[in-house]
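Welcome! Here is a short guided tour for anyone meeting this structure for the first time. Have a look at it, and then read on.

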Amino acid sequence: MSDNNGNQVFIPSVQTDGSGVGDHARPTASPTAVPTKNPTTSPTAGPTAAPTKNPTASPTAIPPVGPTVVIDPVTRIEGHLRIEVKVANGAITDAWSTGPMFRGLELILKGRDPRDAWVFAQRICGVCTTVHAIASVRTVENALGITIPDNARILRNLIEGAQFVHDHVIHFYHLHALDWVDLTSALNADPAKTSALATSISTWKNSSTSYFQGVKTRLQNFVSSGQLGLFGNGYWGHPAYRLPAEANLLAVAHYLEALEWQNQYIQIHARLGGKNPHPQTYLVGGMASPVDGSSAAAINPTRIAELRTLVQMGLDFVNQVYLPDLLLIASYYKDWATTGGGYGNFLSFGDFPTDTSNNPANLWMPRGIVINKNLGAKPQAVDHNLIQEYVSHSWYAYSGGDTAGKHPYKGETTVNYTGPQKSFTTLSGETKYSWLKAPRYNNLPMEVGPLARVAVAYANGHVRIRQLVDSVLAKLNLGPDALFSTLGRIAARGIETVAIAEQMSSWLDQLQNNIKNNNLAIQDRSHWDPQTWPAESWGYGMTEAPRGALGHWVHILNGKIENYQAVVPTTWNGSPRDAQNAHGPWEQALVGVPMADPTRPLEVLRTIHSFDPCMACAVHIVDPESNEVMKVWIENY
Amino acid sequence: MKNEQTILQELASRGVSRRQFMGYCGMLAAALALPVSATDVIAQSLATTARVPVIWLEFQDCTGDTESFLRATQRTDPAITTAQDPSLTSLVLDVLSIDYHETLMSAAGFQAEKSRLDSITNNRGKYIAVVEGSIPTALNGYCCVIGGKTALSIAQEVTSGAMMTIAFGACAWDGGLAAASPNPTGAKGVKDAVPGLANLVNIPGCPANAVNLVATIVYYLTYKKLPAADSYGRPNFAYGRTVHSQCPRRERDEAQYFGDSIHRAGGCLKELGCRGPVTHNNCPTVKWNGGTCWPVEAGHGCIGCTNPSFWDTQTPFYGRTV
């Protein structure tokens, strides 16, 4: 990594003409028969305008015109993401996903008290705030052999359930909707017709003509002010926008309502965990919020009644606003039910335990694996030993060469940044092009997230999920294959939001019942004192984040963290190619997606956003074993 | 820019009454620890101020401070406002023109960069830069690259033309989590990555509280100067007192373990590791999520997240400090 003078040596191989493809030929089938998608399938009809020069002269990075289109930054996601795609004949033929930021969190955790780990790990992500805390306490509890009390199980389910509902609604309205909703078209809407549309799809209270007139006026004032703020330079007027003006106005109104709603709903986190984001209430062995029917300072029947109001408010919004809007918008974009599907391999760790047994069979959201879109067979069981991470195309080096995968317990991450050293235009010619590793299950790329959970639950015979899937598909007049698409991912997210929002009240019932029976335990303290720990232990913890399967692994030695690893949803979905050159799931899902105007790559955003990327989660990996190398490297700098 | 609207006009178009507007101004005056008379001064200022351009930069972050910003539900006197009234969040999105914010903006790719550069060019000396997340300096900064540019180069470019820069959250203040030992990426806060920056305000916390962000901006717009601050550049109105000195539990018996009878009854959490006695912040008074709660009230000790290098100086979290 350094020359004789101790200076960093890098391999700048910037491709400025967009023609270099390096070794990134189309992936070949791996030895384990990765089902690769035929790249020529399903570009839907649409204008196939030839790439044109960027019409707006910009002093900044002009996207390379011609074969390569770069989107950097990809916005309306958590964190930093760069996507490069190649386009021919109006459709994407190849794609590269780059995570351009990392922090080295696992290295920071080395040597720390394992009981503190959740506070650090929680800060992996402030958007899916809470899920890394749950994964972390479960991991340490697994290492130390701790069984949590029932109240702790319920409190964790409630906090995580609220997180799912909150996060999915925000994703739909604030991160994803503007890929489908043309803000400027809403200015042409007739408020009376919008009111008629709203009342035809929902009983939601805010549906009068005057209400929509108010939203329209507000929007008009905003636009006429000339200060477009967050909405400046959007792809407004793009030919791929297809909603009638009234549907656009309806969606804009609910964008604003959801902004208010989310503020209220997430008070569930504040009431149970002190604040959101980053609720501060987890403990190894349980939870820190006291439960006591006779104390005003604890979770008591009065507080549970307040929580019920919030839970109902969430369910109402999901049933009366989110799901009807989703169905309305989807009905205009059904061609997106045949594109953006990707591999069709799905991994769900499952979550929401129904008891404290730690038995994977007793998860309300089931654990399992569906391969090759097969919903007819029972999902395969998950064996965490089959998870490996590759760095062949990531800015790291493995001892023993970059072609072998490593299980998280044995993970190593020696930084090997070979990327450009100056401002650059493309990365797709580079062998290594991302700070994300490439996790694989049994050597297969796996999609994780709402669609994976819904697919696994469906195949597993989950009654409520099946009802909802069948109902949504019927309302859209689509077949089951429609699930495996950009639109299917959006539908799956809405479907599970309904199911989880419904489930919240049952956990409140269980908590109330425990209080009634004076079952007040919130923490198993039998292994709180490090004196009670074995000299050495290993553990793993699994959870589902809104964005997908999340696993942490820990090695504890003499009371301190010796090694800590997290394999997170966006690393699964957004990974670069692996040692077999198989694309990551995003890269694969983009192949075949149509693109009308390469200077305004709206279709890329639609498909990437359908996964709900979370980059801070995905890139934080530095292995303790490489401490030595890192030190040398930093000193050289 | 044409037809600049003042904040009061903007709010009026939203159906926010003058009475409600005065309520918000009063709330902000209270958060700023100003006398009641300041309410009119703030209101007069905001009513005649055009929407202020903001460039919000995210670097080595978890987006938690953005999420905190979006949870600014602080409401005024319930007699004035109802649940149907806009919360501070949507007001803020109305009174600020957020020209660049990667998590929220509609534009992507080079169009997003254009939004940033246009705002810098058109509003030089008139925009607020908000920084979230730390800035890596190892590897020539290539641990955080946006649009092919390093975080450091973007931070220098944006802050140099700002009328005020706000380091929002622990990471932007002193490097925060990424800078915790052994700081693998050479992460720094704004004050160290871009030294000598004029008009820098630090609002630490993990995350920081949006009320303190809004109050700082409103103070600056009203009085044309930064609020009084301590030696760390933290505004005194928010960081002038210890958490413990404002804590309703401070005189109570001390819980010995989580879930014991004293803990259930709302006892002091010092024995369980609470950092309230050594931490300066206004959590106990402003609280979180619209004044709903704060960590100690919910039963877990303060983790001291506004202290310098808190991930190293305040850990392990569960040992008694005082």
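## A pair of strands

In which sense do strand β1 of chain B and β2(B) pair, and over how many bridges? The answer is parallel: β1, which covers residues 52–58, joins β2(B) over 5 bridges. To find the pairing for yourself, start at B:V52, whose bridge partner in β2(B) is B:L96. Please keep in mind that you are looking at a predicted model.

## The sheet around them

These two strands belong to an open sheet of chain B, in which 5 strands follow the order β2-β1-β3-β7-β9 with parallel pairing. At its edges are β2 (96–101) and β9 (200–203) of chain B, each of which pairs on one side only. From one strand to the next, the twist averages 20 degrees.

A helix packs on this sheet too: α6 of chain B, residues 109–122, touches β1, β2 and β3 (127–132) of that chain. The direction of α6 makes about 130 degrees with that of β2(B).

## A look at chain A

Now let us turn to chain A. Its secondary structure comes to 17 helices and 16 strands, and of its 637 residues, 62% are buried. Among the contacts in chain A with a separation of 6 or more, 77% are between residues 24 or more positions apart.

## Two helices side by side

Two helices of chain A deserve a visit: α7 (residues 245–265) and α9 (residues 301–331) pack with their axes 11 Å apart, at an angle of about 160 degrees. Angles over 145 degrees count as roughly antiparallel, and α7(A) and α9(A) are therefore roughly antiparallel to each other. The crossing of α7(A) past α9(A) is left-handed.

Which residues meet here? From α7(A) they include A:A247, A:H254 and A:W261, and from α9(A) they include A:M313, A:F317 and A:L328. Sorted by class, the contact of α7(A) with α9(A) has 10 nonpolar, 3 polar and 2 charged residues.

## A glycine in a loop

Our last stop is B:G304, in the loop of chain B between α14 (295–298) and α15 (310–313). Is B:G304 buried or exposed? B:G304 counts as buried because it has 25 C-beta neighbours inside 10 Å. Leaving aside residues up to four places away in sequence, B:G304 touches B:R275, B:V278, B:T279, B:F310 and B:Q314. As for B:S134, which is 170 residues from B:G304 along the chain, the C-alpha atoms of the two are separated by 19 Å.

Conventions:
Residues are numbered from 1 along each chain as its sequence is written. Chains are lettered from A and ligands numbered from 1 in the order in which they are written. This is a predicted model: local features need pLDDT of at least 70, side-chain atom pairs count only at pLDDT 80 or more; totals for chains, interfaces and linings use all residues. Helices (H or I, at least four residues) and strands (E, at least two) are DSSP runs, numbered from the N terminus. A residue is buried if 20 or more other C-beta atoms lie within 10 Å of its own, exposed if 12 or fewer, and partly exposed in between; C-beta atoms are placed from the backbone. Two residues are in contact if their C-beta atoms, placed from the backbone, lie within 7 Å. Two strands pair if DSSP finds at least two bridges between them. Axes are lines fitted to C-alpha atoms, for helices over the stretch in contact, and angles run from 0 to 180 degrees between N-to-C directions. Angles under 35 degrees count as roughly parallel, over 145 as roughly antiparallel, 65 to 115 as roughly perpendicular and the rest as oblique. A crossing is left-handed if the near helix is turned anticlockwise from the far one by less than a right angle, and right-handed if clockwise. Ala, Val, Leu, Ile, Met, Phe, Trp, Tyr, Cys and Pro count as nonpolar, Asp, Glu, Lys and Arg as charged, and the others, Gly among them, as polar.
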